[in-house]
Amino acid sequence: MSKLAAFLGRAIPTHQQKQSSHLGDRTVYVGASDIAGCPRKAALGKQCPSSHDISTLLRFSRGHAAQAMYAEFFKTGGALFEEEVEVRHPDIPEIRCHIDFLFYANRQTKRLHIVEMKSTDGIPDEPYASWVDQLHVQMGLLQLTLDPEVQIGGSILVVDLNAGTYREFNNYAPNRLVFNQLMEKAQHILSATRGECAPRTEPGILCGYCTFRQDCPSHVVDMELPPEIHQASKAYLELNEQKKALDTRLEVLKNDILTFVNGAYKGASDGILVNVTSVSDSVIVDSKKLKNSYPDIYDQVTKPKSGFLKLEIKPFMPLAAQAA
């Protein structure tokens with residue numbers, strides 16, 4: 001390991017700890033992100049806290065960097081807001097949240113707007129359910145601590161720093177039914193953390209990042225797909241079918257053009273350039289023939305190739321539906 005790598009291996013965790021110091025000891029309370037996620041992950045994470053790897057810490061730092069950047073944008077634009085506003089449940093202080101941005105129309109206003117910020121690689125068409133639940137926890141807790149006449153709104157600001165794009169999912173308002181359900185979940189996490197009950201599992205799109213996945217009862221063969229994964233798989237299947245149709249159409253158009261040019265060709269009109277070049281014949285190695293005829297040479301010139309995960313998504317009809 002180089003000196004720089006060793007240095008960063010110490011500096012990055014220290015920096016992340018400093019950036020998250022305002023959150024306090026997360027093992028003693030249930031936060032909005034805990035409530036929005038899997039109860040088992042939240043409870044076990046508080047019972048057996050573990051350090052994150054450097055890759056995860058860098059993702060966290062990217063989120064902090066994005067929030068700091070947009071805070072400067074808001075200040076430059078003259079917005080009135082506070083950052084990282086802590087709100088505790090008035091009756092259960094172990095349930096609390098930290099609001100990324102809390103905006104005021106003015107200091108005397110009775111209208112407040114919460115913005116929950118997310119930094120991602122690629123912006124989804126719809127916000128993830130966990131993001132929406134996290135926002136509802138924040139709006140609901142804030143509503144409990146304020147005058148009933150104060151109007152509260154919320155939105156989710158999703159930022160892709162790599163692509164230089166952002167999108168706001170807006171027009172959320174407190175919903176007492178949703179909030180009450182989330183508070184029941186929060187109290188379940190508290191009970192599970194204290195060892196009073198076994199934590200429930202809620203598999204979802206973040207399972208791949210969970211350190212407790214290996215022995216999770218929800219991750220077994222033929223498990224039922226979580227709603228977000230089901231929607232993602234359905235969209236993948238639909239797009240893949242469109243891709244097949246497009247590939248077929250492209251092949252027809254390609255043959256039409258090549259039939260017209262009948263060889264090397266270059267032409268242009270109205271902003272379209274067509275350039276057809278001839279690729280010379282070449283020779284490739286027949287690996288099967290080489291292995292059969294010259295096994296010693298084959299072993300000398302081959303090298304191992306890493307395996308990979310193969311994704312297959314296709315229409316499926318349960319047996320009960322087939323029999324109906």
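In this predicted model, a good place to start is helix 7, where Glu241 and Lys244 form a salt bridge whose closest N and O atoms lie 3.7 Å apart. The two residues are 3 positions apart in helix 7, so about one helical turn separates them. Glu241 is partly exposed, with a relative accessible area of 43%, and Lys244 is likewise partly exposed, at 47%. Elsewhere, salt bridges with shared partners bring Arg26, Asp34 and Lys46 together in one network.

Searching the whole structure gives 11 salt bridges. Among them is the pair formed by Arg40 and Asp215, with 3.1 Å between the closest N and O atoms. This pair ties together distant parts of the chain, its members being 175 residues apart. Arg40 belongs to helix 3, which covers residues 39-47, while Asp215 sits in the loop between helix 6 (176-193) and helix 7 (227-261). The surroundings of the two partners can be told apart by their accessibility. Arg40 has a relative accessible area of 11%, and because this is under 20% it counts as buried. Asp215, in turn, reaches 56%, and because this is over 50% it counts as exposed.

A further salt bridge joins Glu116 and Lys118, and here the closest N and O atoms are 3.1 Å apart. Both of its partners, Glu116 and Lys118, are buried.

Methods:
Residues are numbered from 1 along each chain as its sequence is written. This is a predicted model: local features need pLDDT of at least 70, side-chain atom pairs count only at pLDDT 80 or more; totals for chains, interfaces and linings use all residues. Side-chain values use heavy atoms; hydrogens and water are left out. A salt bridge is a side-chain nitrogen of Lys or Arg within 4 Å of a carboxyl oxygen of Asp or Glu. Helices (H or I, at least four residues) and strands (E, at least two) are DSSP runs, numbered from the N terminus. Buried means under 20% relative accessible area, exposed over 50%, partly exposed in between (1.4 Å probe, protein chains only).
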